[in-house]
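Okay everyone, thanks for coming. I'll put the structure up and talk through one residue before stepping back to the whole chain.

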Amino acid sequence: MTILFWTLLLLSIFSYFLYPLVLTTLVRINEGGHYKRVDGEESDLPPVTLIVTAHNEEKRITDKLANSLEIDYPKDKFTVLIASDCSTDETDNIVESYAEQGVRLVRATERLGKENAQLHAIKTVEEGIIVFSDVATRIDEDGIRKLVAYFNDPAIGAISSEDRFISKNGEVAGEGAYVKYEMWLRKQESALAGLVGLSGSFFAARAEVCKEWDIHSPSDFNTALNCARQGYKAVTAPDVLGYYTDLADPSKEYARKIRTVIRGMTALERHPEVLNPSRFGLFSFQVWSHKLLRWSVPWTLLLLFLITPFCMMQEGGIYTLAYIAQVIFYGLAAAAHWSEKLRSNSGVKIIYFFVQVNIALLDAGIQFMSGKRMTVWQPSAR
């Protein structure tokens with residue numbers, strides 16, 4: 001029982017605490033590079049196609065088109081392409097009214113999800129760089145120029161932006177501890193074997209990287225996997241930001257997390273080869289650590305909580321302290337759920353967020369094992 005306790009404890013802390021240490025060490029050993037953009041000549045800029053996926057976005061598509069047309073990039077090398085996932089409102093008509101400004105509409109033949117709509121658009125692109133974005137995401141005027149500059153490094157196959165939330169009063173929200181942790185982790189993965197997932201709301205890839213496209217896997221994972229297959233790296237660009245507002249109904253954030261995790265689990269179910277280190281090397285190690293082992297954390301924590309009392313009865317000592325620590329930890333999370341004042345404490349806020357995320361992971365895992373899959377995509381109201 002005590003061996004099981006320590007095994008579960010190790011699995012529970014590995015993804016969040018030990019993996020970053022191992023990752024940093026491997027980056028130093030392998031002398032990994034932190035990639036920077038290399039600005040080239042104006043005449044050498046590659047053609048860029050901005051693919052914006054939309055489903056029934058009549059209320060927001062005009063703002064997105066205005067933002068896209070304000071982007072600073074040579075007009076003869078820049079195409080805005082709206083991939084409509086069988087919209088049934090006025091979205092397509094609004095997009096077609098911008099045809100004289102160079103905006104093109106590609107409509108999926110049937111509603112099979114976001115990635116299927118993207119595939120219809122990808123098939124119209126022959127070369128250059130493809131930038132993917134959501135309707136809800138605002139891009140800086142120089143954002144695409146910055147992204148493209150990274151591709152002057154031939155080792156890079158895809159670039160991920162970094163997300164920034166905009167509050168209801170229009171201000172950019174500050175980065176929380178968890179976001180800073182994730183962004184730091186991305187930089188380390190970029191330096192080692194490349195990202196295992198990009199920011200799905202705003203990223204770019206070479207056109208050849210997008211030729212193999214699984215419509216039942218998230219596009220951010222598709223792109224990272226294709227980079228690994230083709231010998232490229234997918235890296236993060238901390239100086240390229242994508243801005244989007246919080247959900248209109250905060251209670252729907254939990255449902256969004258569930259959808260995201262189930263889609264990620266579906267991707268690994270469809271592409272188990274990525275877990276083979278003999279084929280994908282350190283990229284496979286990153287997928288195991290950042291994805292699979294993190295998804296297992298709620299299960300190991302639950303088992304740990306259940307077996308600790310037995311260890312406590314047999315051995316006492318450290319196991320008694322471990323059980324008390326767990327009770328206090330989850331007690332604080334429960335109290336924070338009901339007390340906004342308690343959640344304002346930074347330490348308690350981290351505990352509350354950690355427990356909330358792992359409850360969502362547990363829920364997603366149960367739904368996935370029960371046979372639920374997420375393919376058809378419904379944009380979140382913001």
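So, first up: where is the place of Gly242? This is a predicted model, by the way, so keep that in mind. Gly242 sits in strand β8, which covers residues 233-245.

Next, is Gly242 buried or exposed? Its relative accessible area is 0%, and the cut-off for buried is under 20%, so Gly242 counts as buried.

Who's around it, then? If we skip the neighbours within four places in sequence, Gly242 is in contact with Thr137, Arg138, Ser161, Glu162, Asp163, Arg164 and Phe202. And if you're wondering about Arg206, that one is 36 residues from Gly242 in sequence, and 19 Å away in space, C-alpha to C-alpha.

Okay, zooming out. The protein has 13 helices and eight strands. Its radius of gyration is 22 Å, close to the 21 Å that the globule rule gives for 382 residues, so we're looking at something as compact as a globular protein of that length. Along the principal axes, the C-alpha atoms fill a box of roughly 75 × 45 × 40 Å.

Now the inside: 49% of the 382 residues count as buried. Take the contacts with a separation of 6 or more, and 78% of them involve residues 24 or more positions apart.

And the outside: the protein exposes about 18200 Å², with carbon and sulfur atoms supplying 58% of that. For charge, there are 40 positive and 45 negative side chains, and the centres of those two sets lie 5 Å apart.

That's my tour. Over to you.

Notes
Residues are numbered from 1 along each chain as its sequence is written. This is a predicted model: local features need pLDDT of at least 70, side-chain atom pairs count only at pLDDT 80 or more; totals for chains, interfaces and linings use all residues. Side-chain values use heavy atoms; hydrogens and water are left out. Helices (H or I, at least four residues) and strands (E, at least two) are DSSP runs, numbered from the N terminus. The radius of gyration is taken over C-alpha atoms; the globule rule is 2.2 Å times the number of residues to the power 0.38. Buried means under 20% relative accessible area, exposed over 50%, partly exposed in between (1.4 Å probe, protein chains only). Contact means heavy atoms within 4.5 Å. Accessible areas come from the Shrake-Rupley method with a 1.4 Å probe; for residues, only the protein chains shown count as cover. Lys and Arg count as positive and Asp and Glu as negative; His and the chain ends are not counted. The place of a charge is taken as NZ of Lys, CZ of Arg, CG of Asp or CD of Glu.
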